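Me: I have just opened a new structure and would like to learn how to read it. Could you walk me through it?

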Amino acid sequence: MFTLGIAEIFQLNILLIIFVGVVVGILAGLIPGFTVTMAIVLTLPLTFGMDPVAGVAGMIGVLVGGMSGGLISAALLGIPGTPSSVATTFDAFPMSKKGESGKALSLGVWASFLSSIISFFLLVSIAPQISRFALMLGPWEMFSLIVVSLTIIASVTGDSILKGLIAGLFGILIATVGADPITGLARFTMDLQALRAGIPFLVVLIGMFAISRLFVSLERKEMIQDDKRRQEDKLKDIEFKLRPMKTLKNVLSKPGTLIGSSVIGSIIGAIPGAGGSIANIVAYDQAKRWSKHSEKFGTGVDEGVIASEAGNNSTVGGDLIPTVALGIPGSAVTAVLLSALMVHGITPGPLLIVNEPNLVGGIFFAFLVASFWMLITQFLGMRIFMKVTHVPAHLLVPVILVLCVVGTFVLNNRLTDLYILLVMGVIGYLFAKYGFSLAPAIIGVILGPLAEVNLRRAIMADPEWTLFFTRPISLAFLVLAVLSILLTVWQNYRANYRKKKITHRPQ
């Protein structure tokens, strides 16, 4: 598998595709509000004409570049370019205010690179083992596993578990529209011809993530312009003094922070729905707890930058573990990666490593190559990348809108898809406006059909429904699902109790 992967990736055209993907990802990551997920969604239509390895390799490049791109605006402006860079602002921005912006950026880039390498080795060693275990699972166990994934996704995204569950169930509902996967009968089409073929999940992705973001941008136009002016004023005073080798020694002199944060990020990344934003904060928090100088965190210390960036970038490798081994997306981003495989006629799942070893090996080494491209590109292009924050929103919005419309139309060459795109965009906007997370809905669209197919296969094999509870592995997964929800309810209750206690504290 690894030999096939190396042969697939180490070709000039594939290496260039990964490089372009990394550059696009960095640009998307450093623009506040323009998320990595949105960049991945916009990249997806461009991969239709490529072979599967090239297309997925390019998207992995976007993912790796995007995870590190948020560092730039976080360090220079104090504004996280992506949600996974929130904790990076805690020490990187104070470091920049002290005149050490170059040091903050260099520390973050090296931490991002080295954590990706650690995450890569965890990926190649763990994913095949998980896949072998998954091959022993029947439809009962697979259904229960997907239930676990859905509950975790709904419980760790957004401020409200109820809203997360509603969003996930909405995604599952969208997936049921169209032809029945077993009988082929139309369902939930409301006698509309446009819905008989179902709602394409790619149209849902582009509409809910990209179009809804444009609506939000238009609504906050004046605020965005004010933010741009403030950002430009800040950038005028910034001077770069990148010292790569010196900061590399600083990072390597703190192996506990680097390795610990990378392992935390990889583990959190492997949990479906958790993502880089959680890993970023958890890794920073743990580094602070274990530090001998925890009181200095937040004032511009090396460990703070290293921990936060190592935490969020290592989630990429962890995120790919359930995606490759089980065919279950670890996040909305890897849900898009699975969509790209489906477009090319490849079925994700435990058999992917057995049936497509060249593709899986290509995914592994595309991640490794993208990490090296990210390191080189960040150091050589840092001065150029920071200028992108000057681009006004009124120029970005129409360009992105055109890409969305063209990408949607070329999918099936149907005008009805554009109407669905608009409707999904409005729904995504309403979700964002009222605090519903988009990630559970998107992953629900992907996991919904898998859950339904495995449920119906289990019932067709044996109509005895108690098998879901009498088969040990299936029961274990269902217990995990219940524990996941109970844990989140308890955490939300504790957080709300603390807020009320602080609010009612006498002044």
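Me: Is F469 buried, partly exposed or exposed?

Reply: Glad to help, and keep in mind that this is a predicted model. To sort a residue, look at its relative accessible area: under 20% counts as buried and over 50% as exposed, with partly exposed in between. F469 has a relative accessible area of 42%, so this residue is partly exposed. You will find F469 in helix α22, residues 467-470.

Me: Which residues form a nonpolar patch on the surface with F469?

Reply: F469 is joined there by W465, L475, V479, L480, V482, L483 and L486. Together, the patch has about 770 Å² of accessible area. Helix α23 (residues 472-503) gives the largest share of the patch, 6 residues.

Me: What span does helix α18 have between its end C-alpha atoms?

Reply: A good way to read a helix is to set its span beside that of a straight one. With 29 residues, a straight helix would span 42 Å, but α18 (residues 357-385) spans only 36 Å. Now follow its path: α18 has a kink of about 50°, centred on F379.

Me: How many of the residues of α18 are buried?

Reply: The count is 21 of 29, so α18 is largely enclosed by the rest of the structure.

Me: How many helices and strands does the chain have?

Reply: There are 23 helices and 2 strands. Of the 507 residues in the chain, 55% are buried. As for the outside, the chain exposes about 22,400 Å², and carbon and sulfur atoms supply 68% of that area.

Technical notes
Residues numbered from 1 in each chain as written. Predicted model: local features only at pLDDT ≥ 70, side-chain atom pairs only at ≥ 80, totals over all residues. Heavy atoms only, no water. Helix = DSSP H or I, 4+ residues; strand = E, 2+ residues; numbered from the N terminus. Expected span 1.5 Å × (residues − 1). Bend = angle between axes of the 7 residues up to and from the residue. Buried < 20%, exposed > 50% of the residue type's maximum accessible area, 1.4 Å probe, protein only. Patch = residues over 30% accessible without salt bridge, like charges linked within 9 Å, V, L, I, M, F, W, Y side chains within 5 Å. Areas by Shrake-Rupley, 256 points an atom, 1.4 Å probe, with all protein chains shown as cover. Salt bridge = Lys/Arg side-chain N within 4 Å of Asp/Glu carboxyl O.
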